[in-house]
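These are my notebook entries on a structure that I had not consulted before. I set down what I looked up, in the order in which I looked.

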Amino acid sequence: SLAERLQDTLKKIRGKGKVSEQDVKEMMREVRLALLEADVNFKVVKQFIANVKEKALGQEVMKSLTPGQQVIKVVNEELTALMGGEQSKIAVASKPPTVVMMVGLQGAGKTTTTAKLANHLRKKHNRNPILVAADIYRPAAIKQLETLGKQLNMPVFSLGDQVSPVEIAKQAIERAKEEHHDYVLIDTAGRLHIDEELMDELQQVKEVAKPDEILLVVDAMTGQDAVNVAESFHEQLDVSGVVLTKLDGDTRGGAALSVKAVTNTPIKFAGMGEKIDQLEPFHPERMASRILGMGDVLTLIEKAQSTVDEEKARELEKKMRTMDFTFDDFLEQLDQVRSMGPLDELLGMMPGMNKAKGLKNLQVDEKQISRVEAIVRSMTKQEKQDPSIINASRRRRIAKGSGTAIQDVNRLLKQFEEMKKMMKQMTNMAGKAKKKGKGF
Ligand code: GDP
Ligand code: MG
């Protein structure tokens with residue numbers, strides 16, 4: 001993956017005290033290949049490499065005490081810039097309702113995202129949206145939106161499939177005004193491929209609905225195609241934002257990097273799963289960090305804070321940083337993490353958990369986690385606080401007590417040490433990034 005490739009390359013630089021021009025060149029060659037392999041548009045890659053090279057070879061970098069870090073910082077900043085720099089928010093009309101039109105190819109995730117967005121607007125912004133079923137072509141499309149609306153307990157405006165989308169949009173906006181909805185989210189039809197008829201119709205809807213926001217929904221799994229799709233939709237409709245869906249899948253992150261660069265349209269949201277609450281505001285700097293392999297520490301901490309009480313999260317962060325992190329904390333965190341959501345999703349966000357060698361066994365599945373938990377629970381209080389005292393006979397006892405093999409215990413102890421080291425490194429970096437507000 002892109003993340004792995006970049007990480008391998010950057011690791012070489014990370015360890016060095018000084019970086020020569022040759023190093024930067026070599027590294028850029030690797031980065032270039034990695035990006036191309038990840039399906040990033042070649043024009044985008046060219047520009048990206050040129051930018052990084054120029055900055056990395058510039059004086060400010062070469063004079064620095066830790067050039068390796070400086071290069072990583074430049075790559076990170078440029079990745080961030082490539083994806084839009086700052087987080088970009090959804091439009092708010094000066095006079096409600098705000099009209100949002102969802103467009104995109106069939107299967108991209110428009111209908112799902114319409115519902116997710118409605119949920120997001122209500123939950124995070126205290127809004128009162130109405131959903132509009134304007135896809136009259138796909139069988140069951142109206143029903144799909146109505147089902148989602150019911151699930152959310154939100155109104156869905158529909159006139160069946162015999163009335164034109166233009167008329168539906170018009171009447172829906174009137175209804176929204178009557179009923180004081182502050183957002184109108186129009187779900188439109190897609191096709192398997194871009195065609196003129198579709199574009200014409202969308203243009204007509206646009207004329208009538210006068211949307212404050214046209215969100216192009218793009219499937220991140222489609223690689224290069226995503227960019228082409230984005231380009232033509234943008235040409236025809238002048239879209240104002242992109243929603244990148246299916247970023248939870250095994251995507252070749254390339255699309256995320258190219259879409260903004262090619263269309264100059266900000267990515268506003270990311271779809272992270274099929275469930276209704278799996279839509280997140282898109283944070284370019286966090287995505288860049290994730291691609292660089294830092295793990296999304298900031299997202300993790302944010303998530304932790306909204307679920308766990310804030311003080312505990314802060315305490316934990318400090319512990320990770322100072323390496324006081326013990327097996328007791330590990331157990332406590334395991335419980336907290338479980339209350340936050342699916343384990344694999346959360347572990348994926350944790351620094352080091354994703355890619356680090358030797359940690360693979362820690363993130364496999366619930367069963368594996370339960371085994372780890374059993375091992376930890378078989379330790380004495382003292383052992384949990386100070387694993388360094390766990391000698392051979394203690395290991396045997398723990399294995400027996402937890403019904404595991406002694407190799408399992410050995411592996412866990414080794415992994416735990418590695419994890420602590422990694423967490424320390426990563427949280428240090430993230431801490432610095434947070435203080436500065438960007439980069440690291
Ligand atoms: P539409 O044709 O553009 O309206 O697409 P739909 O909203 O019907 O979605 C197509 C499929 O993609 C459905 O099975 C959705 O559950 C799925 N989907 C949408 N967004 C996401 C996402 O962010 N992650 C994943 N894994 N699946 C998604
Ligand atoms: Mg649909």
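**Entry 1: the ligand and its contacts**

I began with ligand 1 and found one of its oxygen atoms 2.7 Å from a polar backbone atom of K110. I note at once that this is a predicted model.

I then looked up K246, where a backbone N or O atom lies 3.0 Å from an oxygen atom of ligand 1. At D248 I recorded a polar side-chain atom 2.8 Å from a nitrogen atom of the ligand. Taken alone, ligand 1 exposes 580 Å², and I noted that the protein buries 82% of that area.

**Entry 2: the shell around the ligand**

Which residues come nearest to ligand 1? Of the 18 residues around the ligand, I listed G107, K110, T112, R138 and E274 as those that come nearest. I sorted the shell by class and obtained three nonpolar, nine polar and six charged residues. I also asked which element supplies the largest share of this shell. I found helix α6, residues 110-125, with four residues in the shell.

**Entry 3: the sheet**

I turned next to the strands. Eight of them form an open sheet with mixed pairing, and I wrote down the order β3-β2-β4-β1-β5-β6-β7-β8. The edge strands are β3 (156-157) and β8 (279-281), each of which pairs on one side only.

I examined one pair within the sheet in detail. Strand β5, residues 213-219, pairs with strand β6, residues 241-245, in the parallel sense over five bridges. In this part of the sheet I found D219 opposite T245 of β6.

**Entry 4: helices across the sheet**

I looked up which strands helix α7 lies across. Helix α7 (residues 141-152) lies across β2 (129-134), β3 and β4 (183-188), and I recorded its direction at about 165° to β2. Helix α9 (residues 196-209) lies across β1 (98-103), β4 and β5. For α9 I entered an angle of about 175° to β1.

**Entry 5: two backbone details**

Where does P97 lie? I placed P97 in the loop between α5 (67-82) and β1. The peptide bond that leads from P96 to P97 is cis, and I noted its omega near 5°.

My last item was K210, in the loop between α9 and β5. K210 is not a glycine, yet I found a positive phi of about 45° for this residue.

Key: Residues are numbered from 1 along each chain as its sequence is written. Chains are lettered from A and ligands numbered from 1 in the order in which they are written. This is a predicted model: local features need pLDDT of at least 70, side-chain atom pairs count only at pLDDT 80 or more; totals for chains, interfaces and linings use all residues. Side-chain values use heavy atoms; hydrogens and water are left out. A residue is near a molecule or strand if one of its heavy atoms lies within 4 Å of it. A polar contact is a pair of N or O atoms within 3.5 Å; within protein, one must be able to donate a hydrogen and the other to accept it, and residues adjacent in sequence count only if both atoms are side-chain atoms. Accessible areas come from the Shrake-Rupley method with a 1.4 Å probe; for residues, only the protein chains shown count as cover. Ala, Val, Leu, Ile, Met, Phe, Trp, Tyr, Cys and Pro count as nonpolar, Asp, Glu, Lys and Arg as charged, and the others, Gly among them, as polar. Two strands pair if DSSP finds at least two bridges between them. Contact means heavy atoms within 4.5 Å. Axes are lines fitted to C-alpha atoms, for helices over the stretch in contact, and angles run from 0 to 180 degrees between N-to-C directions.
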